[in-house]
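Welcome, and please load the model in your viewer with a cartoon representation. We will go from one selection to the next, with a short note on what to look for at each stop.

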Amino acid sequence: MEIGATKAVQDRLKTTKIEESKGASLVFCWDTHLTKIKGRNVLFIVNASNRYTIAMTDIEPRNWNYYTMYISSVIHGVMQEMGYSEDQIGQYFKMSGDTIVTKTHGRKSVGGINRMVMDAQYFGKKLEKEAKYQWELSEYLNRDICQPEGFDAYGYPSELFKLDMERLGIVTKRKPAKIIDFTKYIDTNRSTNH
């Protein structure tokens with residue numbers, strides 16, 4: 001798994017030597033950005049393929065020292081919250097390989113982060129005081145229709161994340177929606193009305 005770090009995150013990690021992306025599949029790449037929202041430090045963890053966004057606050061100093069472990073545990077916890085089984089989560093992490101901190105994953109991914117930061121400024125509620133995982137803010141951000149790097153169609157990040165899990169074979173594909181053929185109703189009605 002590659003954890004891309006923006007300049008703000010690199011500064012917080014106090015690192016200057018950071019690896020280029022190794023070209024891992026984007027679904028295994030999460031870009032991270034640190035910014036102030038409503039006077040609080042918020043860490044955005046954004047999937048480079050589907051733009052699924054996790055917003056975290058109150059990151060303790062030790063979490064910055066063990067950054068890859070911290071990010072992995074946050075993603076693990078959010079996947080649990082989404083309803084994935086331990087086997088499915090384990091499969092995702094096994095497929096994603098070793099976790100390394102890299103540079104961010106391209107302009108479109110960084111553009112997605114910037115969009116999330118901008119949207120977060122319009123979040124109408126206060127950030128939860130005692131919670132590290134800002135569930136309501138994350139939900140709000142994941143309802144933004146977008147066309148991220150891993151997709152050629154528009155969708156909600158939360159739906160696109162599920163589609164990525166299906167593409168990886170971690171969850172079984174859902175049956176496509178049944179299409180209603182309106183033409184046969186129109187033709188039938190036309191012949192009876194004349």
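Two strands count as paired if DSSP finds at least two bridges between them. Helices (H or I, at least four residues) and strands (E, at least two) are DSSP runs, numbered from the N terminus. Please keep in mind that this is a predicted model: local features need pLDDT of at least 70, side-chain atom pairs count only at pLDDT 80 or more, and totals for chains, interfaces and linings use all residues. Residues are numbered from 1 along each chain as its sequence is written, and side-chain values use heavy atoms, with hydrogens and water left out.

**The whole chain**

Color by secondary structure. The protein has 8 helices and 5 strands, and from the N terminus on the elements run β-α-β-β-β-α-α-α-β-α-α-α-α. Of its 194 residues, 44% are buried, where buried means under 20% relative accessible area, exposed over 50%, and partly exposed in between (1.4 Å probe, protein chains only).

**Strand 1 and its two partners**

Select residues 2-5, which form strand 1. Which residues cover its two faces? E2 and G4 are on one side, I3 and A5 are on the other, and all are buried. In a regular strand the side chains alternate between the two faces of the sheet.

Now add strand 2 (residues 29-37). Strand 1 and strand 2 run parallel, joined by 4 bridges, and E2 stands opposite C29. Next add strand 5 (residues 100-102), which is also parallel to strand 1 and is joined to strand 1 by 3 bridges. Here G4 is the residue opposite T102.

**Strand 3 and its hairpins**

Move on to strand 3 (residues 40-47): 7 of its 8 residues are buried, so this strand is largely enclosed by the rest of the structure. Strand 2 and strand 3 run antiparallel, with 8 bridges between them; look for K36 opposite N41. These strands form a hairpin with 2 residues between them. Zoom in on K38 in that turn: its phi is positive, about 50°, although K38 is not a glycine. At 44% relative accessibility, K38 counts as partly exposed.

On to strand 4 (residues 53-57), which is antiparallel to strand 3 and joined to strand 3 by 5 bridges. I45 stands opposite I54. The hairpin of strand 3 and strand 4 has 5 residues between the strands, and R51 has a positive phi near 60°.

Before leaving the backbone angles, select K14 in the loop between helix 1 and strand 2. K14 has a positive phi of about 55° and is not a glycine; with a relative accessible area of 70%, K14 is exposed. Most residues other than glycine have a negative phi.

**Helix 3 and the core**

Select residues 67-81, helix 3. At 1.5 Å times one less than its number of residues, the 15 residues of helix 3 should span 21 Å, and the end C-alpha atoms are 21 Å apart, which agrees. Show side chains for Y67, Y70, I71, S72, V74, I75, V78 and M79, which are buried. After helix 3 comes G83, with a positive phi near 105°.

Which residues touch the most other members of the largest nonpolar core? L43, I54, I75 and Y92 do, in a core of 33 residues. Helix 3 gives the most to this core, with 7 residues. A nonpolar core here is a set of buried Ala, Val, Leu, Ile, Met, Phe, Trp, Tyr and Cys residues joined through side-chain atoms within 4.5 Å.

**The cavity**

For the last stop, select V46, N47, A48, R51, K108, S109, G112, P148 and E149, which line the largest cavity. A cavity is a set of points, on a 1 Å grid over the protein atoms alone, where a 1.4 Å probe fits but cannot get out; lining residues have an atom within 4 Å of a point. The search of the whole structure finds 1 cavity of 30 Å³ or more, and about 40 Å³ of space lies in the largest cavity. Grid points are joined across faces, edges and corners, and a volume is the space filled by probe spheres set on the points. Helix 5 (107-121) and strand 3 each supply at least two lining residues, and helix 5 gives the most, with 3 residues.

Notes:
1 Å grid on protein atoms, 1.4 Å probe; cavity = no way out; pocket = protein on both sides within 12 Å on 5 of 7 lines; lining within 4 Å.
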